Protein chains: 6
Amino acid sequence: MSCSSTPAQLSKIVDELCDLHACKYLFHSNLLGGRCPSGISLESLVLLSRELFFPGFYGEERICEETLNYHTGVKCVEMYNLLREQFAAGYRFGLREQDTELSDEEIKARADKAAIEVLKEFPRIRKILATDVLAAYNADPAATSLSEVVLCYPAIRAITNYRLAHAIYKIGVPIIPRIITEIAHSETGIDIHPAAQIGSSFTIDHGTGVVIGATTIIGDRVKLYQGVTLGARSFPLNDAGNPIKGVARHPILEDGVVVYSNATILGRITIGHDAVIGGNIWLTHDVEPNERLIQRK
Amino acid sequence: MSCSSTPAQLSKIVDELCDLHACKYLFHSNLLGGRCPSGISLESLVLLSRELFFPGFYGEERICEETLNYHTGVKCVEMYNLLREQFAAGYRFGLREQDTELSDEEIKARADKAAIEVLKEFPRIRKILATDVLAAYNADPAATSLSEVVLCYPAIRAITNYRLAHAIYKIGVPIIPRIITEIAHSETGIDIHPAAQIGSSFTIDHGTGVVIGATTIIGDRVKLYQGVTLGARSFPLNDAGNPIKGVARHPILEDGVVVYSNATILGRITIGHDAVIGGNIWLTHDVEPNERLIQRK
Amino acid sequence: MSCSSTPAQLSKIVDELCDLHACKYLFHSNLLGGRCPSGISLESLVLLSRELFFPGFYGEERICEETLNYHTGVKCVEMYNLLREQFAAGYRFGLREQDTELSDEEIKARADKAAIEVLKEFPRIRKILATDVLAAYNADPAATSLSEVVLCYPAIRAITNYRLAHAIYKIGVPIIPRIITEIAHSETGIDIHPAAQIGSSFTIDHGTGVVIGATTIIGDRVKLYQGVTLGARSFPLNDAGNPIKGVARHPILEDGVVVYSNATILGRITIGHDAVIGGNIWLTHDVEPNERLIQRK
Amino acid sequence: MSCSSTPAQLSKIVDELCDLHACKYLFHSNLLGGRCPSGISLESLVLLSRELFFPGFYGEERICEETLNYHTGVKCVEMYNLLREQFAAGYRFGLREQDTELSDEEIKARADKAAIEVLKEFPRIRKILATDVLAAYNADPAATSLSEVVLCYPAIRAITNYRLAHAIYKIGVPIIPRIITEIAHSETGIDIHPAAQIGSSFTIDHGTGVVIGATTIIGDRVKLYQGVTLGARSFPLNDAGNPIKGVARHPILEDGVVVYSNATILGRITIGHDAVIGGNIWLTHDVEPNERLIQRK
Amino acid sequence: MSCSSTPAQLSKIVDELCDLHACKYLFHSNLLGGRCPSGISLESLVLLSRELFFPGFYGEERICEETLNYHTGVKCVEMYNLLREQFAAGYRFGLREQDTELSDEEIKARADKAAIEVLKEFPRIRKILATDVLAAYNADPAATSLSEVVLCYPAIRAITNYRLAHAIYKIGVPIIPRIITEIAHSETGIDIHPAAQIGSSFTIDHGTGVVIGATTIIGDRVKLYQGVTLGARSFPLNDAGNPIKGVARHPILEDGVVVYSNATILGRITIGHDAVIGGNIWLTHDVEPNERLIQRK
Amino acid sequence: MSCSSTPAQLSKIVDELCDLHACKYLFHSNLLGGRCPSGISLESLVLLSRELFFPGFYGEERICEETLNYHTGVKCVEMYNLLREQFAAGYRFGLREQDTELSDEEIKARADKAAIEVLKEFPRIRKILATDVLAAYNADPAATSLSEVVLCYPAIRAITNYRLAHAIYKIGVPIIPRIITEIAHSETGIDIHPAAQIGSSFTIDHGTGVVIGATTIIGDRVKLYQGVTLGARSFPLNDAGNPIKGVARHPILEDGVVVYSNATILGRITIGHDAVIGGNIWLTHDVEPNERLIQRK
């Protein structure tokens with residue numbers, strides 16, 4: 001058969017792909033230690049968090065008031081175990097980057113502790129999510145009920161992921177928060193960095209294309225529309241010509257700010273409370289409280 | 001073991017998460033009545049509708065002209081049952097919002113009737129979809145065949161979901177249409193409200209970021225590019241300071257209009273037939289037929 | 001029961017949906033020949049390519065240096081078989097469009113040959129992907145490690161799909177490359193046509209809404225931000241009023257160009273090396289090397 | 001292509017297979033009413049019952065004393081819903097056989113009531129199963145622990161299915177009990193009719209080939225070995241030459257009886273308490289208490 | 001870590017397991033030709049055949065008289081494709097054993113032809129299965145309806161597999177028939193060789209442990225009980241001391257014979273019509289018509 | 001609704017089922033320590049072992065001589081990880097029974113060591129399995145090839161499970177070996193205790209109902225038929241009236257013994273080399289070498 005040379009060619013390709021020098025940076029070795037954080041497990045974790053925050057809306061079970069306790073109990077146990085497993089993976093991932101070593105025992109103890117700490121935050125997170133749902137409902141004439149908002153609005157899913165990821169970020173677990181917000185980014189087109197700080201009653205209409213950078217600070221009752229960028233204008237380089245990490249470089253939006261679609265707000269500037277930024281605006285300077293900035297025709 | 005306190009902590013978290021007062025709005029109780037409409041079932045319904053509209057392109061079976069009848073028959077039965085089940089869930093969802101009661105019998109009878117009505121629309125919907133496919137092919141020099149358009153173009157998937165959702169919307173089934181268009185939104189970045197009215201030969205190039213609001217009216221042979229917003233400029237508030245629902249507040253695009261990428265068209269204005277709106281334009285007033293509006297440099 | 005008329009109504013709908021004249025263009029007949037290229041199989045192929053390019057980051061196995069060879073071998077064999085199968089489907093799809101006939105033997109021989117050719121490109125593709133990963137890391141102050149870039153950045157997934165699709169495109173397999181880039185488009189909001197030519201060290205920040213047209217040429221070390229369009233300005237029509245296919249109509253970006261968010265660059269223009277294009281710019285003319293174009297306030 | 005005649009031949013076969021006269025008895029029509037009881041759902045029900053009777057041994061979750069309540073609660077709700085659904089299917093199946101009609105409401109109400117009645121039996125069933133586990137452990141020198149018996153012994157699975165099926169049988173749900181014991185028959189080779197009456201501390205060693213007929217009565221502390229038949233010797237025929245249903249025709253085994261491998265005990269005879277029946281015996285007459293019947297060499 | 005020597009040990013084991021000499025007989029090489037017949041695919045085929053023979057009893061769909069045609073059509077197409085694929089695998093398997101070569105084209109053409117021939121037998125097979133169902137019902141006082149027999153009786157599943165396998169055997173497809181009867185053997189404990197010849201109205205009660213050898217001939221209206229062996233007594237050896245294949249060596253049971261549980265009937269003997277063989281009998285000689293052989297007490 | 005009392009009833013049932021005293025023996029508590037050995041994982045392990053012992057016959061991949069190494073490598077790594085995980089679960093299970101404590105570290109280290117030891121046995125096990133395959137082929141006139149034996153014969157599957165389980169048993173891992181042989185018992189009706197000792201070239205024809213007890217010793221070239229029991233006659237009781245564990249109580253079959261169907265051999269007796277035991281024999285005393293024992297008529 002004409003394919004008789006195939007195995008030999010395959011074998012050569014395999015050898016090239018296994019050249020350890022060539023796959024430096026791109027190969028994550030992990031036979032006997034723990035695995036890389038798993039996108040698939042984290043998607044399950046995200047779905048489970050939605051079932052805990054919005055019981056009866058997500059998940060396939062039928063729940064009533066008398067059985068809510070059972071379902072919540074089982075899901076908390078499941079969430080706890082998923083968090084433990086992925087946090088351990090996250091810590092290992094972070095340590096590997098820093099070439100630090102820690103015994104598997106220590107990593108697990110740290111992960112177990114972080115898992116219970118994050119789980120303790122769930123009631124508080126849900127309380128803020130309730131304000132977000134209400135804000136979305138009040139802001140959109142097309143919304144027919146609070147339940148519609150919970151069930152259909154992509155912003156609720158993106159904000160839920162962000163609020164969970166932010167709680168994990170604050171506890172110091174590496175990489176996991178970022179994967180969680182990227183799951184929402186892929187699902188909704190809304191890209192919120194887990195390190196951003198966002199107040200209550202936050203809402204985003206439509207949402208596709210929204211970007212909220214790592215050092216952004218957002219107050220309460222802020223509303224964004226699709227395509228809004230809260231980004232960095234430029235960033236200081238180090239001697240090697242690479243950007244210096246960790247510098248505050250994204251905007252501050254005070255309470256009650258509204259930003260219309262496709263506006264671009266760049267740099268560590270402050271948009272004063274209750275200001276309104278029109279659509280398609282390109283903005284790199286501070287804005288006074290209550291000011292209304294509209295694109296000239 | 002140091003984890004011995006975990007079960008007690010878990011138990012406390014469970015109790016907090018089960019506080020019925022705290023999860024008001026966020027809990028959908030449904031033990032003995034029907035379930036909440038299911039995103040997973042509706043994704044299956046969307047896939048099945050694609051298999052019915054575009055036989056042989058979607059679905060894993062091999063179909064030929066002689067067996068088309070069998071496959072279409074089985075899929076229609078399956079579609080009918082999915083529609084009945086989800087429409088019943090949709091009606092229950094809507095009644096719960098309005099605190100209205102209806103016997104389970106009545107809900108099911110209504111759902112069965114609506115299901116067959118929507119299914120009757122399938123041949124008509126497919127006829128319009130054929131015009132959309134042709135329009136996309138003619139508009140894009142990169143399209144090598146009509147089949148490529150059917151198989152690859154995200155706009156076709158978004159428009160298919162919209163046309164199906166709109167037919168369901170017109171029959172008055174709550175919530176389901178919105179979930180169906182949000183499925184396409186997540187998949188394609190194209191957000192079309194199911195209440196919008198859109199003529200034949202409609203096409204969207206690339207599509208990410210497109211928003212078409214609930215009261216938008218679009219004629220025949222309209223073409224949009226990525227990032228176009230057909231939105232509301234502002235909306236009247238009621239005495240409580242909340243937006244009044246149901247007011248016409250989105251644009252009317254007459255036949256043959258073309259809108260280039262990232263243009264933003266807001267408010268109940270009219271874009272006359274065959275007008276061309278350039279990219280990145282911010283537009284809040286009427287445009288004459290055949291007019292060409294281009295962003296000044 | 002009141003539903004007794006249902007089967008008769010179903011049967012009528014089935015007949016209408018099977019009207020071969022009505023589903024012209026929308027029906028892909030394929031009982032005994034091969035199947036239509038399968039989106040599901042191609043998603044598996046994309047996942048598998050990520051496992052080959054970034055071993056240990058994607059995939060559920062634990063791999064170490066000593067076992068990399070086994071895993072790579074098995075995945076190459078699997079990839080080879082997936083490529084053969086889908087390439088054969090792609091060739092059949094293309095031939096059907098052109099009403100050309102080829103024996104099943106010839107199609108398979110051609111597919112087998114193309115599959116091994118594409119697989120041979122994998123080591124070279126991975127080498128370029130390593131430059132893309134490094135470029136993304138260097139460009140983003142929020143990136144904490146190269147591994148974070150590999151694991152989380154949507155741009156890496158979109159560029160990986162593009163580079164694989166482009167290799168398949170160059171070998172002349174119909175339709176498959178386009179489906180592969182559309183998989184990334186759906187996942188990341190980044191729409192790169194497989195025919196575009198893109199140099200090394202390419203990166204896109206955030207990415208949602210980026211469009212890169214079929215005849216675009218991009219040099220080395222180019223960086224784009226979210227919402228950037230590299231599109232066609234207009235295209236010549238043939239006598240029938242339809243666009244002429246295959247004309248160069250998208251921009252050329254020379255080495256080192258940076259384009260900020262939501263800029264729109266249209267037509268076969270040239271952006272000179274190391275030029276910087278500001279956000280929200282609408283650009284339809286050539287730009288000199290090293291020039292900085294910023295939106296006026 | 002030489003296959004061109006295939007569709008026509010297929011079509012003829014389809015027509016023959018759809019000849020309603022030919023598939024009389026073999027076709028269960030059920031479009032709009034409920035479905036046939038589902039083997040797949042009943043396998044899930046069986047697995048779930050094992051998780052409820054033996055928590056921590058079956059099921060994938062990690063359970064501890066503090067969380068047992070949550071898991072049991074969720075599984076009881078799930079069990080309740082499975083029972084309701086399958087009992088309704090069972091009642092419909094039975095009614096169809098008797099050509100009786102009942103409204104769907106009445107069927108569901110009956111199924112719901114039966115479901116809760118059966119669920120109430122679960123604590124009592126588990127109590128008896130505990131005696132069966134202990135009996136198996138005490139009877140087998142190869143058993144190293146009670147836990148090994150629970151986890152590995154096919155007899156425990158067969159007896160669990162029987163005890164559950166018998167409870168459902170007593171409440172009068174058609175067909176479902178029989179499917180449940182057949183699931184164990186397929187899994188273990190032990191065939192116990194759900195109508196048989198069996199006391200506590202019952203055990204079967206190895207078990208393959210054991211048959212226990214519908215009117216068998218078994219006391220407490222009885223032990224069987226593999227291949228034992230407790231069958232009917234002959235049965236009275238009606239005028240049409242068919243067996244009369246419902247006549248007592250299987251043996252009575254009093255407390256403490258032991259029957260060794262491959263013994264065959266036929267007819268409504270009584271084996272007195274604590275009798276021992278040797279292997280390969282063919283037995284059709286009563287046996288005195290404490291008697292030992294051994295196969296002569 | 002103490003596991004550091006693991007990869008080296010693994011590697012040595014891999015090498016030993018890949019020693020081609022050591023895995024002679026046990027290794028089925030098949031990279032580029034077709035695959036080995038697949039047990040998983042054949043289990044699907046068996047399930048599908050049950051759905052075709054007993055519509056509405058097996059399968060998850062709801063079927064009614066008006067939609068039977070659609071479902072049967074789709075399942076016939078699916079069955080045809082499964083048969084083609086597995087028959088091709090079966091022919092390749094057979095050819096490999098005989099060291100014969102045939103082009104892939106020829107194999108496929110042969111498989112396609114055999115597939116349609118077997119499918120043509122389906123209506124005839126179903127007709128006989130209807131007689132088997134009726135026979136089982138009439139023979140068992142515990143059977144409450146024909147539907148119960150179809151849905152629950154393991155004998156029906158074993159006989160269905162046998163009748164399908166026998167049709168495939170007669171057409172000469174290697175290995176596939178044997179796998180199909182082994183699937184039933186595993187599920188029911190009934191082991192019928194596909195080459196056996198069995199008349200209509202055949203039934204087996206309980207069934208575990210029944211063995212029916214390859215050259216057995218069974219008339220109409222025969223009934224067996226559990227544990228019955230229809231086997232070979234001894235078989236002639238060739239010069240190498242191995243059994244000569246293909247010699248008639250199993251019993252002939254004429255019309256109306258009944259064989260009770262655990263009877264063993266060995267060798268090419270004839271049991272005359274309407275004879276009754278008692279349980280546990282060891283039988284190696286001819287039996288007259290209407291004779292009743294009972295184990296002496 | 002009439003179901004309003006359901007939740008209260010459910011809640012009462014849950015409480016009863018959670019009564020820790022009532023579920024003593026039947027509850028395996030394991031929240032924070034490891035899980036119970038998993039039947040599902042062990043089924044995967046069994047399938048994987050078949051893929052390693054019989055490459056190309058089991059498993060879905062296409063393997064050829066050049067790629068055997070890759071597949072074997074990946075499967076060995078996978079097997080190693082499955083063994084480690086399940087062995088750790090097995091040790092924990094055993095320790096819990098003995099109320100012994102061991103740190104999780106020690107358990108894992110022990111499991112890792114045992115896993116590699118068992119894996120080292122794989123080449124030796126396969127060598128013996130090759131003799132079993134050859135023996136089955138030579139003994140059965142109906143076998144058309146060695147490949148048919150590998151692919152179809154239930155005895156090969158039962159013996160493979162036994163040989164793997166026996167290797168694990170010898171290393172001292174609790175419970176796991178027993179679950180592995182019970183998997184084969186359920187699949188084939190052949191029940192071989194993992195502690196039994198069995199020589200090479202062992203074969204069982206048909207197999208349903210075969211029982212081989214824990215202290216059985218079987219030489220080389222032994223052949224059994226269906227329904228054969230190698231069991232215990234009686235066993236000494238301790239003062240509590242329970243059987244004393246660990247006493248030799250099953251038969252010794254020397255080299256070349258043949259036992260025909262349904263024979264029952266009980267007690268620690270010796271069947272001399274090359275003896276033949278006829279079907280349905282009940283045997284409780286020693287048999288001389290070369291003796292032929294046949295059931296008298």
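Helix H2 of chain A runs over residues 39–53. At 1.5 Å a residue, its 15 residues should span 21 Å, and its end C-alpha atoms are indeed 21 Å apart, so expectation and model agree. The model is a predicted one. Several residues of this helix are buried: Leu42(A), Leu45(A), Ser49(A), Glu51(A), Leu52(A) and Phe53(A). An α-helix has 3.6 residues a turn, so residues three or four places apart point the same way. The cover over the buried residues of H2(A) includes four helices of chain A, namely H3 (68–98), H5 (122–139), H7 (154–171) and H8 (176–188). Helix H1 (6–17) of chain B also contributes to this cover.

At the level of domains, chain A is assigned domain 1, covering 34–189, and domain 2, covering 209–297. The C-alpha centres of domain 1 and domain 2 of chain A lie 27 Å apart.

Glu288(A) was examined next. It sits in the loop that links strand S13 (282–283) to strand S14 (292–293) of chain A. With 12 other C-beta atoms within 10 Å, Glu288(A) is exposed; the cut-off for that class is 12 or fewer. Leaving aside residues up to four places away in sequence, Glu288(A) touches Gly272(A) and Ala275(A). Cys23(A) is 265 residues from Glu288(A) along the chain. The C-alpha atoms of Glu288(A) and Cys23(A) are separated by 52 Å.

The relations between chains were then considered. Two copies of a chain are related by a rotation about an axis and a shift along it. For chains C and F, a turn of 180 degrees with a shift of 0.0 Å along the axis lays chain C on chain F, at an RMSD of 0.0 Å. This is the relation of a two-fold axis. Both copies use the same surface, as 100% of the contact residues of chain C recur in chain F. Among the residues of chain C, Tyr70(C) comes closest to the rotation axis, with its C-alpha at 2.1 Å.

Chains B and C follow another relation. Chain B is superposed on chain C by a rotation of 120 degrees, with 0.0 Å of shift along the axis and an RMSD of 0.0 Å. The two copies are therefore related as by a three-fold rotation axis. Here the copies use different surfaces: 11% of the contact residues of chain B recur in chain C.

Conventions
Residues numbered from 1 in each chain as written. Chains lettered and ligands numbered in written order. Predicted model: local features only at pLDDT ≥ 70, side-chain atom pairs only at ≥ 80, totals over all residues. Least-squares fit on C-alpha atoms with pLDDT ≥ 70 in both. Contact = placed C-beta atoms within 7 Å. Domains from an automatic or database assignment. Helix = DSSP H or I, 4+ residues; strand = E, 2+ residues; numbered from the N terminus. Expected span 1.5 Å × (residues − 1). Buried ≥ 20, exposed ≤ 12 C-beta atoms within 10 Å, placed from the backbone.
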